[in-house]
Structures are given as C-alpha cells and as structure tokens.
Amino acid sequence: MGKGKADMAVRKERDALGEREIPAHAYYGIHTARALEIFAVSGLKTNPEFIRAYAMVKKAAALTNAQLGQLPKEIGPAIVTACDEILAGRFHDQVPIDIFQSGAGTTLNMNLNEVIANRAIEILGGQKGDYHIVHPNDHVNMAQSTNDTFPTAMRLCALRLLARLFPVMAKLEQAFRDKAGEFDGVIKSGRTHLQDAVPIRLGQEFAAYACTIAKAKARIEQASDSLTEVGLGGTAVGTGLNSRPDYQKQVVKRLSDIADIRLRPARDMREAMQSNLAVAEVSGTLKLLALELTRIANDLRLLSSGPRTGLAEINLPPVQPGSSIMPGKVNPTMAEMLNMVAFQVVGNDATMSQAVAAGQLELNVMMPVMAANLFSSIEILTNALSLFTDKCVTGIEANVDRCAEFAETSLGLATVLSPHLGYDETARLVKDAKVRGVRIRELLAQLKALPEEKRRELLDLMALTEPGIPGKKE
C-alpha cells in the first residue's frame, strides 16, 4: 500500500546550515532530521527511561524559569504540559535518534527540545514548526546546555533504573539464604584447586553466595549516592552563563521533587562539567557484581554437572531441552544465560572506562555511549537476576547421597589427622590411601593408626564443618 497524503505532507524548517523538509506529522524538527541522516549507525534507540528523565529535567527548568519571570506566562505551562505527556509515555516514537550520535548528546537534547516545543505550540493553538510561538532553544532550552542537562538526565535515569535492580538483588540474596537453610545439614566435600578438600556443608556454600550478593548490593548502593550530585545550572562550561544566579539551587530542588529523588547541586560546577567519575564508579560496581555472578554461575554449573559423569551434587531446575541432537539432555541454561549477561556488563564497563577517561578540558563529549552502556548494564542485570532467581535458584535440589559419598571418599579428610600424627605422616597416609584405593577412614581402621573411638571422634564430618581442632580439648 502507498503512503497516504497525510503521511507524505511536509513542512519546511531552516537552521544555520540551510533548509530541510520535515514530515508534517513529526514533532521533531530540523536538528533531529539531520541527525537521522548522519547517525544511522546501530538502529539502537534512546532508552525510554532516559527520555522520561530528560523530560523531568526540561520540566524542572521550565517551572524554575517561569517562577523567576524568565519565561512568558503562557509558554511555561505549555512546556510543562508537554513534558508531562512525555512522562506519561507519549511521543517516545518522536525520539528516533541512534544512541551513537553527536558528542555530548547535543542531538538528544535538541530532539527533546524540538518535540516539547512543537507539542507546546499545538497546546497554544499553533502549527508545528512555528517557532515564533515556542522556540526549542530560546524557550525549552532556556538557562540550559546539553553539557549540564545530559549528564543530569543520565544520572537521574541511572538512579531510577537502579531502584529496580536493588529489590531484585535482595530477592536473589534471600533465595540463596533460603537454600542455605534448606541445605544446612547436607555435608559434602569441599574443593580447592578443583581437588579434594576438607568437608563443608552445602548450606554453607549457599550462605556464602547470599553474602556475596549482599556485599555487591551495598557497594552499588554506596556508589549510586554519587549520582545524586548534579551539575544542572552550570550551562555550557560550569559557569552558569545565561542563567539567573538563583536558578541552580531552585532547578535542582524542583527536579528532586519531580523525580522524588534527593538530588543536590554539584559542589563545583566546573568539575561537574569535566568529570564523569560518578558514572564510572557505578559502572565499576556493576562490573564487580558481574564478576561475582560469573563465579557463582560457574559453581552451580560445576555442582550440577553430569548427571552421570560429573559432580551431580545438586540438580538445577530443567527449563528446556538441552540439545538438538542428544535426546533427553538438559543443560544449566539459566546459569549459562547469567554468564553471558555478566560478560556483557564487563564489556560495557570497559567501554565506560574509555569514555570517562576521554574528557577534555571543560567537557566530556563521550556521554551518549556512557549512558547507553550504563543503562544497558543495569537493565540486563535486573532482568537476568529476576529470571535466574525464579527459574533457577528457588528450584535447586540437593543430591544428598551423592554429596555424602564424596564427603566420605575425599582425601581431604586426612587434614584432621595432622594435629595428631603430624603433616609428614599424614601426607604418607594420603599417598597410601591413593595407592590402595581406599577411604581415609578405612585405611586408618586397617592400620589401626588410632584407637577406634578416636577415629570416630576425629572423622565426625558434621563437626569438621565448624571451627575447632577435633580430638583436642580447648
């Protein structure tokens, strides 16, 4: 089917570089139209939450400028209404630009300025493109620059996304704690260097996983506090040029109220323009979480390996057939998915690190790629951990007999003999047990190296999973 006349209708807009035809129905303007021509890079679009965060910044600025008497009385409310509509989910399709765009995010800022201006023009009874009524730069962008609005919106969006991640992490932590309680009586062999070690309880391993998630969450929460310091009001280079002296404090307060997040003005507005250390810090803590998740996922894959030729100490819930050629095969799918997400987060942080270090003088122009990678890390971690908790951790089962068998056959049990027989004699016994193919308990019985009662006391496996020196009175 061909396009209708309404779809083919255009309006003309001009800027310093010349004239462009804009689809008549479009709320974006000439700056965005040019961006669509020159930044067709990835097909990846602006995160919807980032659009909302930016609309909050624009709303806060309009309210502040109106209160300070800078905006004409009829224009301020129209801009605010347009921003509220964006916050409600309207006009997101009018922000079509690629995440790889002009440095510092000027394209995104202007895209929002144009959409808000054209919607405000409609509200005031005009036609889109009639910027004599509401101008994208003069009115919507009043007392602002990309250089202070983009990093503010980036920080605000990250805080809002993190607010979704934290409860998901808390749920995963609790799921591991629940399993720790369920498996507390399951004794198994510990392993170091992937070799036999002293006994440990399966519940103790899972309690350690819970502790890991709790500590990672605390690190991210602590780092995220630095995102609440924003440079809004610094305009182009942090001097606040073209804004009222009392604008900065008021606009940050209004933005805090709109977002329901406690924000604070930057201590040094020049530093706020130059540095993106805060987003690097948060990204770094997300990377640390990813490293720990990789380790935990790998542990679960090892512990569930088999079911006949691996460790098979636990069963992971089956969620899909595991092979296109081997019938009945089931894979640790959710743990594998978590590994891949963790690897992506580590890669995102590598990009973040390069981008944050690339700042020059009064501005870091690499903020669009920072924003894209930071938001991606938070969102894929949030989604992945929710799925991993519900479809994997909560359904893990212990193979108690298998764990007990490994605990009994582990040569690591000989460690308990060292305080009584000495390291060298114990090492000789371990070597002898390997050669004979017997368990430590059986070898001690055969050699009558210790009295039977002493052997039973020393090889009480449950006692070996707690601090102390078995067989020696304190």
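Visitor: What angle do helix H2 and helix H5 make where they pack?

Guide: Helix H2 (residues 30–38) packs against helix H5 (residues 106–123) at about 140°, the axes lying 8 Å apart. This is a predicted model, in which local features need pLDDT of at least 70, side-chain atom pairs count only at pLDDT 80 or more, and totals for chains, interfaces and linings use all residues. Residues are numbered from 1 along each chain as its sequence is written, and side-chain values use heavy atoms, with hydrogens and water left out.

Visitor: Why is H2 called oblique to H5?

Guide: Angles under 35 degrees count as roughly parallel, over 145 as roughly antiparallel, 65 to 115 as roughly perpendicular and the rest as oblique. The angle of about 140° therefore makes H2 oblique to H5.

Visitor: What makes Lys179 count as buried?

Guide: Buried means under 20% relative accessible area, exposed over 50%, and partly exposed in between (1.4 Å probe, protein chains only). Lys179 has 7% relative accessibility, so Lys179 counts as buried. This residue, Lys179, belongs to helix H7 (residues 146–182).

Visitor: Why is Cys211 called partly exposed, and Cys392 buried?

Guide: Cys211 has a relative accessible area of 38%, so Cys211 is partly exposed. Cys392 has a value of 2%, and is therefore buried.

Visitor: How do you know that Cys211 has no bond to the closest cysteine sulfur?

Guide: A disulfide is a pair of cysteine sulfur atoms within 2.5 Å. The closest cysteine sulfur to that of Cys211 is in Cys392, 20 Å away, and therefore too far for a bond. Cys392 is in no disulfide either, with the nearest cysteine sulfur, that of Cys403, 16 Å away. By this rule, the count of disulfides is zero.

Methods:
Helices (H or I, at least four residues) and strands (E, at least two) are DSSP runs, numbered from the N terminus. Axes are lines fitted to C-alpha atoms, for helices over the stretch in contact, and angles run from 0 to 180 degrees between N-to-C directions.
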